[in-house]
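Subject: Structure for you to look at, with notes

Dear colleague,

I am passing on the structure below, together with some notes on strands, buried residues and charged pairs. Please keep it open while you read, so that each residue can be found as it comes up.

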Amino acid sequence: MRVLLIEDDSKTAKHLARGLQEEGFAVDLATTDDAEDEQAFVNEYDLILLDWLVPGHDGIAVCRALRARDPATPILMIGARPSVADRVSGLKTGADDFLTRPFAFAELVARMRALLRRSRWAKPAVLRVTDLTLDPANRCVTRAGIPIGLTSKEYTILELLMQNAGEVVSRTRLVESVWDESSEVLKNVVDVHVCNLRKKIDREPGSSLIQTVRGFGFRLGPPQSAFSDVTRRA
């Protein structure tokens, strides 16, 4: 899941981003009054974390502008001991939830996942492709009922492939969805992660679900002609 973090303190922003990345989120940072406006326009996000104090702007005004442009993306506002009136104002303006500082990081992640489950972009509770199953609620992956241990990056790649089962997912889309924009990711790094994922998912001979579509990207589903995939999408 890709998250935009709008935070006025760069040190706090980096600390939060690092923790969220360890939880499997791809995080873009905006710490200036122009950055959040530009990034929210250019990129698509699954969730926006908005600090109450935004340099050069009122957090309420930023929230109102974000919501006017995008009525669907969940917005979680964060504020240091705001009054009840402030919290109500934030929610009325368009925020989906409000978390008061100081807070436990575990609560922040739990609230984020709850918002993602309720958002219109939320996928089915359990994703299935043949005998491969991914349970987002528990971050659990099984094949033929056997649990499969994945790294955070492998899990996120697999989730994206399963959400788009039967379609070709480009390397560029994988980079944009799995890695944050500050990361320098080479295409062969993506190939290495997919190769490791394939070794774990496709253990048995003749059971391959992850196919490489040369020159395009990757496809998850029962084996079929890569050429027919491309011609259908052309």
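What follows goes through the strands and then the charged side chains.

Please bear in mind throughout that this is a predicted model, and that the distances and accessibilities below are computed from it.

I would begin with strand S6, residues 75-80, where five of the six residues are buried, so that the strand is largely enclosed by the rest of the structure. Strand S6 pairs in the parallel sense with strand S3 (residues 47-51) over four bridges, and also in the parallel sense with strand S7 (residues 97-101), in that case over five bridges. Leu76 can serve as a landmark here, since Leu76 is the bridge partner in S6 of Leu49, while Asp97 is the bridge partner of Leu76 in S7.

Asp97 also takes part in a charged pair, for its side chain meets that of Arg111 in a salt bridge, at 3.0 Å from N to O. This pair links distant parts of the chain, with Arg111 in helix H5 (residues 105-118) and Asp97 in strand S7, 14 residues apart. Asp97 counts as buried because its relative accessible area is 17%, which is under the 20% cut-off, whereas Arg111, at 25%, counts as partly exposed.

A second group of strands is worth following in the viewer. Four strands form an open sheet in the order S8-S9-S10-S11, with antiparallel pairing, and its edge strands are S8 (127-129) and S11 (146-147), each of which pairs on one side only. Strand S10, residues 140-143, pairs with S11 over two bridges in the antiparallel sense, and Arg143 stands opposite Ile146 in S11. Helix H6 (residues 152-163) lies across S8, strand S9 (132-135) and S10, and runs at about 110 degrees to S9.

Which residue forms a salt bridge with Arg143? The partner is Asp202, and the closest N and O atoms are 3.1 Å apart. Arg143 belongs to strand S10, while Asp202 sits in the loop between helix H8 (187-201) and strand S13 (210-213), so that the pair, 59 residues apart, links distant parts of the chain. Arg143 counts as buried at 12% relative accessibility, and Asp202 likewise counts as buried, at 13%.

Helix H8 and helix H6 are joined by a further charged pair, in which the side chains of Lys200 and Glu154 meet in a salt bridge (2.8 Å, N to O). Here too the pair links distant parts of the chain, as Lys200 lies in helix H8 and Glu154 in helix H6, 46 residues apart. Glu154 is buried, with a relative accessible area of 4%, but Lys200, at 24%, counts as partly exposed.

The pairs described above are among the eleven salt bridges counted in the model. There is also a network of salt bridges that links Glu7, Asp51 and Arg101.

Finally, you may wish to look at Arg2, which lies in strand S1 (residues 2-6). Is Arg2 buried or exposed? Arg2 is buried, with a relative accessible area of 11%, and its side chain makes a polar contact with the side chain of Asp28, at 2.9 Å.

With best wishes

Note on methods:
Residues are numbered from 1 along each chain as its sequence is written. This is a predicted model: local features need pLDDT of at least 70, side-chain atom pairs count only at pLDDT 80 or more; totals for chains, interfaces and linings use all residues. Side-chain values use heavy atoms; hydrogens and water are left out. Two strands pair if DSSP finds at least two bridges between them. Contact means heavy atoms within 4.5 Å. Axes are lines fitted to C-alpha atoms, for helices over the stretch in contact, and angles run from 0 to 180 degrees between N-to-C directions. Buried means under 20% relative accessible area, exposed over 50%, partly exposed in between (1.4 Å probe, protein chains only). A polar contact is a pair of N or O atoms within 3.5 Å; within protein, one must be able to donate a hydrogen and the other to accept it, and residues adjacent in sequence count only if both atoms are side-chain atoms. A salt bridge is a side-chain nitrogen of Lys or Arg within 4 Å of a carboxyl oxygen of Asp or Glu.
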